[in-house]
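Q: Please take a close look at the charged pairs in this structure, starting from one residue and working outwards.

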Amino acid sequence: MARVLRKNQTGTLSGAATVHSDVLRLIFRYLSPVPSPRCFPEELLTHLESILIVAAVNRQWRATAFPTFYRTVYVAIGDDGDSYSDDESDDDSVDDQMSAAPSIAGPNVKLCTNIELLHEMGQTGNAREVQIIVQGMGQTADQLMLQLQLAGLGGGKTVWPGIERLRIDMNCCDNTTQSEVRQDFGPELPDHTEFGTGHLHHRALNEFLSRALPSLREIEYYAFKAVEMYGTLPINGLIYERLHGNTPLRTLRVAADCGPDVSNASEKKREPDAPVRIERLEIDYLKLAFSISIPPIMVSSLVELKLEPVIVDEVWNHFVSEVVPTSTKAHLLFSSLKTLKLGFASNSDLFFFNRTAASRASELSSGDGDGLFANIEPRFMRSAKYGQPMFPVLTSLEIRHFPQNLGKFLTLFTASPITSLVICDLTFTSDVGLDLSKFRGLRSLGIRLTDPLNLDDVADINRALSATFSTVNPDLQHLTLAMSTDSEIDESLGIQLDAPPFAPSLRSLSLEGEYGQHDIEHLLQLFPYLHRLNVCAGVGEPIKTVPKLVNKYRRAYKSRSLRPLNSTLRVLSAYKLRFFTGFGGSDCVPLLGDILDPEVDNYRGLLVGLVCRLPALHTLRVGAEYMDGVKESIRALVGTKVSPGHVYCLQRLKVQPLDR
């Protein structure tokens, strides 16, 4: 493939009509590979091979495609014969896209990268991000650095000045013994280094990445065994250097069994013209640790923050400083924060992942048998050192699995200009609901109830939701409501809500869970001015064949059961649909990407149950694999000519694929 493109650098392969560059860019962005670390590299290589040919159409296509297709540098290190195939291939196949090289770590490791292709095509200047994936055998820090050097990522004078984003996925089992880890740490090094105290054990790897990627602004690291493999986060030195260097870090995302060490960031250690500034910080780790500290000096620059899971008592105590405040006016002011996502630790998280954290949480709790988190109200409302936190510009808030008294916790944010609020894993302790009346600027609300929902509690859930919605801003535009059950249902969960104040203003509704036909009908009538409806994992009656669909449609029309449900809905998106248990029997399985239904039985039921009852509908968005079957079914309904009104609506209906 690479040779074909190189031979046609100045020519064209077809007389394709000129397409505007903006349109081409959108098309190529859609075609660009979206790698999954668990299927890399075979599927990715095949995809790259299939799409690069479009760049050979003409000069315009080539000039637009190359910056998109060559945006990412891939380096994959894995077990030979496991995820990484050693099959022979011809010169114009996968090897043109990603080159395989013998591994320094040994003959049983395979290294794949597209760096050589980037050099051959002269496209290194288009590289904006690098993704490093390690699978199978673990790599010590020194071995990882040598593999990256062999791949051509760095070493010597090799630098990538255009790359601003680094992502590392460590999907490997632990084959490194504790003695090997200690050997990798090496002897203690002097305390004076630009990579900071406590980051000396992996200094060579961090210096290598820093030299190769001088413009790095975003760092992402995903691993579940960083502690077992390295004793700490192996790129802590790189993080420290970027926090204090002349190229300030913009984004840091870590999902690992230990958090990043940013506690050493301080006014004293930064350069005069290089403030400690970071806009997006996400820490999502499995093993809870009290040692994770975020200095208040970083708080003022944060625009987006995600912490999960945290212990409810300690949520604000993660923000600490090396310097004890001398002023009684010291406070925790998130002056730039606009998006905050907090996930709290459940009891099982505490006991399963970290016994020390569980013991500490038990000590913090002053309850006497009423539960692990009893009587914690005073602690989650303020920092022990700085008092109550403040969020003057916060607009988006997401809270997951708050263990107790959520209404009290929400009062921390009522002075903020919140426009979007999402509450996940919510459990109503009574039918009273939540008071959201203080969030006067709310435009988007998401409520996700704790799974599974007991059908015996639906009446209480209806009352609690109705009470909650009665306090919501009348100008609410978007609502997401998620609930599901492990129980068998026929046609409805039994959702029956009172009309809320925002019913006339709501324009978008998203339903996630096993909503039945009657539930959806009720909600469509409850919100009469909807423009968009998204249904995820809803249930419906399967219709096995097109003739059965036509017969059901004729019967429904004659019985006058196709009365309009909503006269304003324009866009309906449906995915992961399920069958009614009573109809599907043992075949009641989710229709996910790897469990396809070629006869689109569930979508046929949707056509009669909803589509024909929405006269303003002009777009139906379904899974791409179902589009042909849905279009065939629509043509069959149009051909019946039973109702001129339905024929007109179905003829103008656009069937589009859901976004990836």
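Is Asp284 buried, partly exposed or exposed, and what is its relative accessible area?

A: In this predicted model, Asp284 is partly exposed, because its relative accessible area is 28% and the cut-off for buried is under 20%. Asp284 pairs with Lys306 in a salt bridge whose closest N and O atoms are 3.7 Å apart. Asp284 belongs to strand E8 (residues 280-285) and Lys306 to strand E9 (residues 304-310), so this pair ties together parts that are 22 residues apart in sequence.

Side chains of opposite charge can pair when their charged atoms come close. The salt bridge count for the model is 17.

Another of these pairs is Arg165 with Glu129, where the closest N and O atoms lie 2.6 Å apart. Here too strands are involved: Arg165 is in strand E5 (residues 165-172) and Glu129 in strand E4 (residues 129-136), so the salt bridge ties together parts 36 residues apart in sequence. Glu129 has a relative accessibility of 15% and therefore counts as buried. Both Arg165 and Glu129 also belong to a network of salt bridges, which links them with Arg167, Asp169, Glu220, Arg253 and Glu282.

A further salt bridge joins Arg242 to Glu241, with 2.7 Å between the closest N and O atoms. Arg242 and Glu241 are both buried.

Terms used. Residues are numbered from 1 along each chain as its sequence is written. This is a predicted model: local features need pLDDT of at least 70, side-chain atom pairs count only at pLDDT 80 or more; totals for chains, interfaces and linings use all residues. Side-chain values use heavy atoms; hydrogens and water are left out. A salt bridge is a side-chain nitrogen of Lys or Arg within 4 Å of a carboxyl oxygen of Asp or Glu. Helices (H or I, at least four residues) and strands (E, at least two) are DSSP runs, numbered from the N terminus. Buried means under 20% relative accessible area, exposed over 50%, partly exposed in between (1.4 Å probe, protein chains only).
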